[in-house]
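Here are some notes for anyone opening this structure for the first time. Have the viewer ready and take the points in order.

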Amino acid sequence: MLKPDTRQSVKDGVSPVERLHALVLEDMTATDKLIHSRMGSGVVLIPDLARHLIDSGGKRLRPMLTLAAASMGGYTGDRHINLAAAVEFIHTATLLHDDVVDVSTLRRGKVTANLVWGNKPSVLVGDFLFSRAFQLMVETGSLRVLDILAGASAIIAEGEVMQLKSESNLGTTEEHYLNVVGAKTAALFAAAAEAGATLCDRGPEFITALRDYGNNLGIAFQLVDDALDYSGRQALMGKAVGDDFREAKVTLPVILAYARADKQAAVFWKRVIEGGPQGDADLERAITYVEETGAISETMHRARGYADAAVAALKPLPHSDVRAALADIADFCVERAY
């Protein structure tokens with residue numbers, strides 16, 4: 001059940017993400033300006049390809065976490081703008097690389113860059129954006145925030161490699177899956193919030209609270225995404241339904257459905273995930289299995305647990321409009337699936 005203030009915001013057509021954007025609007029405007037300035041290059045293909053994804057309607061949630069953390073800590077400088085732009089460049093670079101690895105065709109409702117320009121340019125422009133991110137970090141003059149975001153970048157790459165082990169592998173455990181989610185998705189959410197908090201002179205409890213918020217939010221966010229891959233809601237969000245299924249990714253809905261499968265269903269999962277061909281009707285059958293076994297509802301239940309943990313992490317922090325918006329975003333992250 002949505003909290004009353006969240007329900008009212010959604011009813012009025014304003015999501016908690018949009019509300020947070022309004023609260024940090026001045027800083028977000030400066031961040032967007034810096035992003036567009038730093039993705040420029042004399043090599044025309046670089047800004048053209050980067051702009052294809054950066055300007056494709058993403059909510060900029062991760063850089064907003066950096067700005068929100070700095071705002072909550074009363075930071076009055078301008079280094080948080082550099083960090084927020086660096087976070088967005090890291091995120092964009094990982095998406096460009098992901099789409100090549102996953103052979104994706106749709107991202108945010110648009111044809112992916114790798115289909116438009118090819119795999120090689122997509123990988124190289126992703127590398128360029130990573131380099132820009134590190135330049136922006138260095139300009140803050142803070143070794144601590146450089147360590148936080150550089151560490152997150154390494155963890156994200158580790159997560160990508162870890163995920164390769166679970167592709168087409170029904171032996172994937174829930175523990176391995178959650179380790180991948182923690183690395184691939186949650187690490188950048190956590191680092192984005194921690195980096196902004198680190199700029200403030202507020203002590204370790206403040207930093208830990210925001211890092212824990214970001215980490216739990218990131219896990220909840222990915223669990224919902226994985227559940228939505230087997231839902232009609234995915235199409236409404238500008239993504240192709242069944243991408244994970246077609247790529248034989250073993251996500252939590254599949255892990256749970258396979259564990260609860262009868263003999264006939266187990267044979268089906270073995271064929272479509274571990275080596276056999278996928279037919280036109282297989283996605284619909286897979287959706288039926290994950291729904292009938294309760295795998296989707298269980299995945300959403302787990303996501304709700306992480307969203308609640310994200311809200312709880314904020315409780316030691318002073319009340320503010322920004323804190324309220326962050327708490328509502330955690331709830332909305334789960335509710336968007338309904």
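1. A word on naming before we start: helices (H or I, at least four residues) and strands (E, at least two) are DSSP runs, numbered from the N terminus. Keep in mind, too, that this is a predicted model.

2. With that naming in hand, look for S142, which sits in the loop between α8 (119-139) and α9. Is S142 buried or exposed? Its relative accessible area is 15%, and buried means under 20%, so S142 is buried. If you want a sense of distance, try S56: it is 86 residues from S142 in sequence, and the two C-alpha atoms are 31 Å apart in space.

3. S56 also turns up in the lining of the largest cavity. The structure holds one cavity of 30 Å³ or more, and about 70 Å³ of space lies in the largest cavity. Its lining includes H52, L53, L96, D99 and R107, along with K110, V111, T112, A113 and N114. Which elements each supply at least two residues of that lining? They are α4 (45-54), α6, β2 (110-111) and α7 (113-117). As background, rolling a probe the size of a water molecule over the atoms shows where empty space is left.

4. Next, the second largest pocket, with about 190 Å³ of space. Its lining is made up of T94, H97, D98, V101, F130, S153, I156, A157, E160 and L164. Both α6 and α9 (143-166) supply at least two of the lining residues, and the largest share, five residues, comes from α9. So if you followed the loop with S142 into α9, you have already arrived at this pocket's main contributor.

5. V101 deserves a second look. This residue lies in helix α6 (residues 79-102) and is one of the residues lining the second largest pocket. V101 also joins V161 and L164 in a nonpolar patch on the surface, where the three together have about 270 Å² of accessible area. On its own, V101 has a relative accessible area of 47%, so it counts as partly exposed. L164, like V101, appears in the pocket lining as well as in the patch.

6. Now for two backbone oddities. Most residues other than glycine have a negative phi. V103 is not a glycine, yet its phi is positive, about 55°; A248 is not a glycine either and has a positive phi of about 55°. V103 is in the loop between α6 and β1 (106-107), while A248 is in the loop between α13 (243-246) and α14 (252-259). What is the relative accessible area of V103? The value is 62%, so V103 is exposed. A248, at 7% relative accessibility, is buried.

7. Finally, a check on two helices. Helix α11 (residues 204-228) has 25 residues, which should span 36 Å at 1.5 Å a residue, and the end C-alpha atoms are indeed 36 Å apart. α11 is mostly covered, with 19 of its 25 residues buried. Helix α18 (residues 321-335) has 15 residues and reaches 20 Å from first C-alpha to last, close to the expected 21 Å. Of those 15 residues, 13 are buried, so α18 is largely enclosed by the rest of the structure.

Note on methods
Residues are numbered from 1 along each chain as its sequence is written. This is a predicted model: local features need pLDDT of at least 70, side-chain atom pairs count only at pLDDT 80 or more; totals for chains, interfaces and linings use all residues. Side-chain values use heavy atoms; hydrogens and water are left out. Patches are made of residues with over 30% relative accessible area and no salt bridge: like charges are joined within 9 Å, nonpolar side chains (Val, Leu, Ile, Met, Phe, Trp, Tyr) within 5 Å. Accessible areas come from the Shrake-Rupley method with a 1.4 Å probe; for residues, only the protein chains shown count as cover. A salt bridge is a side-chain nitrogen of Lys or Arg within 4 Å of a carboxyl oxygen of Asp or Glu. Buried means under 20% relative accessible area, exposed over 50%, partly exposed in between (1.4 Å probe, protein chains only). The expected span of a helix is 1.5 Å times one less than its number of residues. On a 1 Å grid over the protein atoms alone, a cavity is a set of points where a 1.4 Å probe fits but cannot get out, and a pocket is an open set with protein on both sides within 12 Å along at least five of seven lines; lining residues have an atom within 4 Å of a point. Grid points are joined across faces, edges and corners, and a volume is the space filled by probe spheres set on the points.
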